[in-house]
Amino acid sequence: MRFPGRGSWGTDHRGRSRFGRGRLLAALAVLVACPLAFHSAVPNIVGRLSSLLETFLPWLALAVPVLLVAALLRRSVTALIALLLPAAVWLGLFGALLLPASGGPAGLVAVQHNVSDVNTDPAGTARTLLSVRPDLVALEELVPSALPAYEKALAPDLPHHAVVGTVGLWSRHPLAEVRPVDLKPRGVRTGWNRGMRATVLTPGAAVAVHVAHLPSVRLGMGSGFSSAWRDESARLLGAALAAEEQSRVILLGDLNSTVDDRGLDPVLAHVGVAGPGFAFSWPASFPVARIDQILSRSAKVTHVRSLPATGSDHLPIAARITL
């Protein structure tokens with residue numbers, strides 16, 4: 001039975017072919033696929049909007065179910081076929097993150113967390129981080145008033161620690177060769193210390209661990225996506241990683257961007273990205289991006305996940321690292 005005025009999948013009530021319907025929807029599907037497939041070709045000139053696009057790149061997938069519903073309501077075979085394009089591109093870029101983590105030796109458990117300089121519950125935050133029995137914990141936005149609480153709470157499980165400026169590293173294993181890493185962009189006030197490295201003496205190997213907190217980015221109506229300081233700091237961090245003499249390297253930090261953002265290319269030239277899992281970490285109230293990172297060189301980062309919320313505007317992330 002056919003209802004008056006409604007077309008079938010073959011033709012509509014005006015006699016138009018099913019392949020002739022939904023051309024606008026098909027065009028929109030192609031428009032979604034293009035920035036996914038060619039985001040690296042978008043110039044990062046006006047307001048650095050391509051970095052903004054890359055930061056939230058996975059979320060372009062939300063357009064696909066919306067267009068799918070519209071194509072079904074429109075009964076457009078053309079639109080449905082066109083939607084295969086953005087779906088395929090998205091799966092090519094991010095499909096591996098949906099796969100279960102592979103097995104293997106337990107290795108180290110590392111936790112990364114920007115604890116926030118206005119966190120009113122450092123002891124409770126520390127308990128959340130210790131719940132996964134970590135071997136390494138990196139913290140950013142450490143303030144002098146809260147530091148004793150973190151030291152007291154973390155020391156029984158992680159007796160070795162070092163703090164440089166507002167970043168710190170706690171470890172189950174001894175630390176050596178602790179030193180600051182200068183990540184300060186030009187124009188930033190003196191006393192800005194957000195980088196450090198230490199050699200962690202695990203039973204199996206010595207590992208260089210870098211802890212970094214890159215400058216925040218800002219989004220403004222007039223200025224666009226402001227990331228100049230973050231990008232400069234990323235170049236300094238990349239240079240430090242390039243000069244690192246240890247073969248095994250772990251980078252823990254709030255890098256204020258996702259690994260898809262080209263602003264982190266100087267860093268990613270020297271460390272590899274983590275394995276499966278989106279593990280969004282920011283903002284804590286409704287996480288939409290992982291700007292906290294656990295990356296490595298000559299080691300494999302797997303089982304990445306977000307931990308429960310603390311008193312920070314970031315979620316902690318944890319990962320397993322096989323050396």
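Student: Where is the place of Asn-256?

Tutor: In this predicted model, Asn-256 sits in the loop between β10 (249-254) and α8.

Student: Why does Asn-256 count as buried?

Tutor: Its relative accessibility is 11%, and buried means under 20%, so Asn-256 makes the cut.

Student: And what makes the phi of Asn-256 worth a look?

Tutor: Phi there is positive, about 50°, although Asn-256 is not a glycine. Most residues other than glycine have a negative phi. Glu-177, in strand β5 (residues 175-180), also has a positive phi, near 50°.

Student: Is Glu-177 buried or exposed, and how do you know?

Tutor: Exposed: its relative accessible area is 51%, and the cut-off for exposed is over 50%.

Student: What about His-213, why is that one called buried?

Tutor: His-213 comes in at 3% relative accessible area, and the limit is under 20%, so His-213 is buried. You'll find His-213 in strand β7 (residues 206-213), touching Asn-256 and Asp-254, among others.

Student: What makes the pair His-213 and Asp-254 a polar contact?

Tutor: Their side chains are joined at 3.2 Å, and the N or O atoms of such a pair must lie within 3.5 Å.

Student: Why are α3 and α4 called roughly antiparallel?

Tutor: The axes of α3 (residues 63-74) and α4 (residues 77-94) cross at roughly 170°. Angles over 145 degrees count as roughly antiparallel, so that label fits α3 and α4. The axes also come within 9 Å.

Student: Which residues meet there?

Tutor: Val-64, Leu-67, Leu-68, Ala-71 and Leu-72 in α3 meet Ala-79, Leu-80, Leu-83 and Pro-86 in α4. That's 9 nonpolar, no polar and no charged.

Note on methods: Residues numbered from 1 in each chain as written. Predicted model: local features only at pLDDT ≥ 70, side-chain atom pairs only at ≥ 80, totals over all residues. Heavy atoms only, no water. Axes fitted to C-alpha atoms, helices over the stretch in contact; angles between N-to-C directions. Helix = DSSP H or I, 4+ residues; strand = E, 2+ residues; numbered from the N terminus. Parallel < 35°, antiparallel > 145°, perpendicular 65-115°, else oblique. Contact = heavy atoms within 4.5 Å. Nonpolar A, V, L, I, M, F, W, Y, C, P; charged D, E, K, R; others polar. Buried < 20%, exposed > 50% of the residue type's maximum accessible area, 1.4 Å probe, protein only. Polar contact = N/O pair within 3.5 Å; in protein donor to acceptor, adjacent residues only side chain to side chain. Lists of a residue's contacts leave out its neighbours within four places in sequence.
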